[in-house]
Structures are given as C-alpha cells and as structure tokens.
Amino acid sequence: MYVAIVKLLEPHPSVVATKLLERRKIIDCGKQFNMIACSWLQFMIHDWIDHMEDTHQVEIVAPKEVAGQCPLKSFKFLRSKEISTGSLQTKIGFVNSRTPWWDGSVIYGNNEAGMGKVRVYKDGKLKISSDGLLEHDEKGIPISGDVRNCWAGFSLLQALFVKEHNLVCDMLKENYPDFDDEKLYQLSRLVTSAVIAKIHTIDWTVELLRTDTLLAAMRINWVNMKDLIGKEGEKRLSKIGMDKMLVSMGYQACGAVTLWNYPSWMRDLVAHDIDGDERPDRVDMASLEIYRDRERKVPRYNEFRRNLLMIPISKWEDLTDDEEVIDALYEVYGDDVEKLDLLVGIHAEKKIKGFAISETAFFIFVLIASRRLEADRFFTTNFNSQTYTEEGLQWVNRTECLKDVIDRHFPEMSRNYMRCSSAFSVWDSDPNAPNYVPLYMRPAS
Ligand code: HEM
C-alpha cells in the first residue's frame, strides 16, 4: 500500500503542475485552431468517455516548496472507481459512464432516462429553446445529453447539433411522410451522429494535422473564460446569443499544447457532478490531471512509448533541445526519465519536422481515431441506404465539414465573417490555396 501511495505522488502532482504546466504567458496556436476547434474536442470527449468515481474522498495537499504558487493549497475529489476485469493480464479496470461509440450521446444522452429528457416526442425532435439555444431546467442546468463541466462554447455546439437533428427530422418527414416519431428520431440520430463523426475525421483532424503549425489547444484559455463556465456561462450565452458567440469563438485563437501554458483559472475550478450540479470542493485541474493518469494506471511517458513499440528516451536531451525545458524537467524528475508523466512528455516533446503534433500523441491518436470508426457497424457494414434511408445517406455524403452545418443554420454567417477554408481555423485567416495535385501524389511537407 505504501508503495502505491508513493508512486501516486512521485513527483508530487502540484509540483509538476506548478513547475511545468502552469501558464507563464499566453501562447496561442496562431491561426491554426480557434475556440470552436477547442470546444469541439471537449464535445467529442463528452460523447465518449468519463471515468466513474467511487465514494472515497482523496485530498491533495501542495508541498511547501510550491504551496505559495498554488491557487488551492489543498483540494479534495473522489477517487476513480476500480473494477475487477476478470482478465489475468490486466486485473483492474475503470468504468466509463458515457457510451464510447460515436453515437452522439453528448446530445442524445447515455441511458434511457437521459435520452427521454431531451426528446420532444413529436416528429422525432429534440428540445431546443426559441432563441436556438439549449433549454434549461429549474436549477439553470442545460437540458442535453451530457451536461457535466459544461461552458458556453460547449453548450453552443450541443445546441447547433440539436438544430441539425431537428432539421434532419424535417427533411426525413417530408420525404417519408409515413415515418412515426420514433423512426424519425432514430434515423435522424444516425444521420446526425454520422455527420459529427465525419466532421471530426475529415475537417477537425485535417486542421489538427496541418503540417505548418503547432498542435492547437486541448485546453481553453480565453481571457474571461471564467465567466463562461457552468450556469453563469449559460446565462451569459443567452445574453450574447448563439450567432455572436459562434463568430466570436471563430475569431479567437485557442492555446497551444505546450509546457507552461495551462490556464491558471483551471487551477481553482468548480467541478460538476454527473448531473451538472456544482460540487462543493474546488479542484486544481492541472494537478488533478497528473494524479488521475497515475491513479488510472496510464503508463508514464517512456512505458507508454514502449507499449506503442516506440523508442523510449534515455536522457532529457532525447525529448527536446530546449535548455530551459531540460532544466525544469531535471528540477522536477531529477535524471529519472522513467518517472516522466505522459502528459508532460507529450507537451515537452520536440515535434518532428513537418508534424503538427508530438510523435507520441500522433501514434495514439491515429490508432484510436481509426479504431473508433472501423469498429462501428454504422460507419462500415451498415453505412448504406437500407440503414440510413436514401435521403439520410445523401445528407451525410453531402456534408463535408462544420462550415456546411453552420451554413445550413446561419446562411449569411460564413459569407460575412469567414475567410478561411475550415470553420476550425481562425476565421480571418487566409483560405487554403487550391491544390490540384491528388493527395497521394503530393510530396511530404
Ligand atoms: C471550460 C472548459 C472545461 C472545464 C471546466 C473542464 C472541466 C473538467 C473537469 C472538472 C473534469 C473532471 C476532473 C476529474 O475529476 O478528474 C474534466 C475531465 C476531463 N476533461 Fe475537461 N474541462 C474543460 C474542457 C476540456 C477540453 C477542451 C477538453 C479536451 C481535451 C477536456 C477533456 C477532458 C478529459 C479527457 C477529461 C477526463 C474524462 C474522464 O474522466 O475520462 N476538457 N474536465
């Protein structure tokens, strides 16, 4: 037991967070990715995964050497729920409380009760308020598939895809007048989920892997982000309005994934429970992320690379040639490269020329993203007109990117405000130059 505790706190998560993660000055990702792109990633995470917690409370107390620099000197949270897998190799596992498939559960819900809450039960439609945003319950919590740790940008994407779902219902009803509420709901859900998966695969990912810039943010860094979180954020969003918020997020670059760029406000955060209610204990997300990976037995950086059959590092210089980073890594981990946390490693890793993301992140990304598609019969064997209807399939095939969805619901917006090619780039940036050379014949850049 003693050994396990030492490992969980070695080096101390608050030391890692303070000395290697916390933002010193804002580093954004240039024109590559905007706040819509950043919210999109959260939108996807909330479709796929949330580790269940048990009832045991853990407290992390910042050690003296960094306590003065930690917004919370200590914070409490619930341990992740462990289960026995029954497998001889990996004996312990962790429960996912969201459905891992690309099934749109972020707007449709993860279980019967959740799914019932968002439906109108007429013409297959989902609830949406008259201003085009999500409806709210009596506590001010948005009514949607997943509402935990929401903020204005995230619930805006939920609202956009509820609108998309309802539009698909209208289209299906017009073409297939005999379909009842249930059939329209199920079919529209299939089509909308496929549209989401397609946008992620051929629009968001293409922007993420554009080779001339850094990987864009997985963490948000808006100056006044704090005002846009949770119930307060919902109130503000309804004052701002959906269209203005979308344009504003389109113009705002998001933060780069690199060391010393973790938003400071996230080190003192009101977290939500699974129903979107605020928790009494505030958390330091930067320290918590380090702790959670260790607690959930995510291998540290070198072991993670070995598991992917990648070459591990043997000294800090193998990771980066930035001397300031090397010094900081040495200060936190000494010369024990085996202790390097995965999260820190992928932020510190020197990018391969021509790659937008770290090599380690790229490997796992490619494996998981393609697996999620290939393992799903609705994107493979059953991606046909028998399952989707002829018109439903056409809807998916005609949708190429998020801009197409925005154009459907805000016909003037992209013409007036978007210069760039993808809705995930900063909207005043240049469009991609046309390239008539087929993809497979282009030289590597
Ligand atoms: C306003 C923005 C956000 C807030 C307030 C927020 C808050 C939170 C909180 C409180 C947790 C649970 C922490 C814990 O107890 O372990 C969490 C988990 C998580 N968040 Fe966020 N987050 C935000 C944005 C994002 C974004 C942009 C991403 C995209 C990478 C993201 C990815 C995740 C992931 C992967 C988890 C772990 C889920 C799991 O347990 O499996 N979050 N977030």
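At what angle do helix H2 (residues 13–21) and helix H11 (residues 285–295) pack, and how far apart are their axes? In this predicted model, the two helices meet at an angle of about 120°, and their axes lie 8 Å apart. H2 is therefore oblique to H11, and the crossing in which H2 passes H11 is right-handed. On the side of H2 the contact is formed by Pro13, Ser14, Val16, Ala17 and Leu21, while H11 contributes Ala286, Ser287, Ile290 and Tyr291. By class, the residues of this contact comprise 7 nonpolar and 2 polar ones, with no charged residue among them.

Helix H11 also takes part in the surroundings of the ligand, since at least two residues of the shell come from each of helix H3 (35–48), strand E5 (269–272) and H11. The ligand is surrounded by 18 residues, of which Gln42, His51, Asn149, Trp151 and Ala271 are the closest. The greatest contribution to this shell is made by H3, which supplies 4 residues. When the shell is divided by class, 12 of its residues are nonpolar, 3 are polar and 3 are charged.

Strand E5, which contributes to the ligand shell, is in turn paired with strand E6 (residues 278–283) in the antiparallel sense, the pairing extending over 3 bridges. Within this arrangement, Val270 has Arg282 of E6 as its bridge partner. The two strands form a hairpin with 5 residues between them, and in this hairpin Gly276 adopts a positive phi near 90°.

Technical notes
Residues are numbered from 1 along each chain as its sequence is written. This is a predicted model: local features need pLDDT of at least 70, side-chain atom pairs count only at pLDDT 80 or more; totals for chains, interfaces and linings use all residues. Axes are lines fitted to C-alpha atoms, for helices over the stretch in contact, and angles run from 0 to 180 degrees between N-to-C directions. Angles under 35 degrees count as roughly parallel, over 145 as roughly antiparallel, 65 to 115 as roughly perpendicular and the rest as oblique. A crossing is left-handed if the near helix is turned anticlockwise from the far one by less than a right angle, and right-handed if clockwise. Two residues are in contact if their C-beta atoms, placed from the backbone, lie within 7 Å. Ala, Val, Leu, Ile, Met, Phe, Trp, Tyr, Cys and Pro count as nonpolar, Asp, Glu, Lys and Arg as charged, and the others, Gly among them, as polar. A residue is near a molecule or strand if its C-beta atom, placed from the backbone, lies within 6 Å of it. Two strands pair if DSSP finds at least two bridges between them.
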